[in-house]
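Me: I'm new to this structure and would love a close look at a single part of it. Could you walk me through one strand and the contacts around it?

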Amino acid sequence: MGSKPRGGTRWKRFAVVMVPSVAAAAAVGVGLAQGALAASFAVSGQSFKVRAGHLEGEGFAQYGGVDEGYTDISGSKTTKRPVAISTFKHAEINDMCQSLKTDIPLLGTVYMRLDAGRNGKVVEADNLYLDIAQLDADATFKGIDIGVAVKDQNKGPAVTDKGVLPGGFAQQADKAILDDAKQVAWATTAGTFKLSGLSLRLGTDSKMECF
């Protein structure tokens, strides 16, 4: 095949890792065996939901990893969870929502909801790392490379997680655009995270969840 200019690649529904399931399972399995950890801190025993109406990210990369954290809110036991690490050198987000559900003994279920980037305002993040368990979105990628080795990805932020398989599967793109993105995540880290128009509230109504 001859060389062709690389343009945009679009998937109607974007799964958590855009790789064959067998390859993804193998990468996660080896990562667990070798103790490959994603977030550089003990992750809480609670996942959280994040919805973004529109996200544009420059310098995208994605690869497998493992988060070590607590099994529940008691903090008495730890476990390891496979995650897809999605990274961006710079991301701008419109209409962002983050929600967390907590079951508190003797009090019941309490929801925390954070909204930002609404009414024309933008959420901005630099060197953003998302440790996710589930993601659905309408996605477009520009200048995408699928199957690059983790250690050789050079479009996204540097791979800082110790134990991530250097020759393992990764993918990268010059730019990623996600619309109507819904994700379940275990951890998020960023060099800078600017939340314009931040609104944070607590309540007991299940409608407070982002989705």
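Reply: Happy to help; here is a tour of strand β2 and the salt bridges that go with it. Please keep in mind that this is a predicted model.

Let's start with the strand and its partners. Strand β2 covers residues 48-70 and pairs with strand β6, residues 169-194, in the antiparallel sense over 14 bridges. Strand β3, residues 78-104, also runs antiparallel to β2, and 20 bridges join the two. You can follow the pairing at single residues: Gly 57 has Ala 91 in β3 as its bridge partner, while Glu 58 has Lys 175 in β6.

Lys 175 also takes part in a side-chain contact. Its side chain meets that of Glu 56 in a salt bridge, at 3.2 Å from N to O. This pair ties together distant parts of the chain, since Glu 56 lies in strand β2 and Lys 175 in strand β6, 119 residues apart. In general, side chains of opposite charge can pair when their charged atoms come close. How open are the two ends? Glu 56 has 29% relative accessibility, so it counts as partly exposed. Lys 175 is buried, because its relative accessible area of 19% falls under the 20% cut-off.

Now a wider view: the structure holds 11 salt bridges. Some of them form a network linking Arg 51, Asp 95, Arg 113, Asp 115, Arg 118 and Arg 201. Within it, the closest N and O atoms of Arg 113 and Asp 115 are 2.9 Å apart, and both residues are buried.

Note on methods
Residues numbered from 1 in each chain as written. Predicted model: local features only at pLDDT ≥ 70, side-chain atom pairs only at ≥ 80, totals over all residues. Heavy atoms only, no water. Pairing = 2+ DSSP bridges. Helix = DSSP H or I, 4+ residues; strand = E, 2+ residues; numbered from the N terminus. Salt bridge = Lys/Arg side-chain N within 4 Å of Asp/Glu carboxyl O. Buried < 20%, exposed > 50% of the residue type's maximum accessible area, 1.4 Å probe, protein only.
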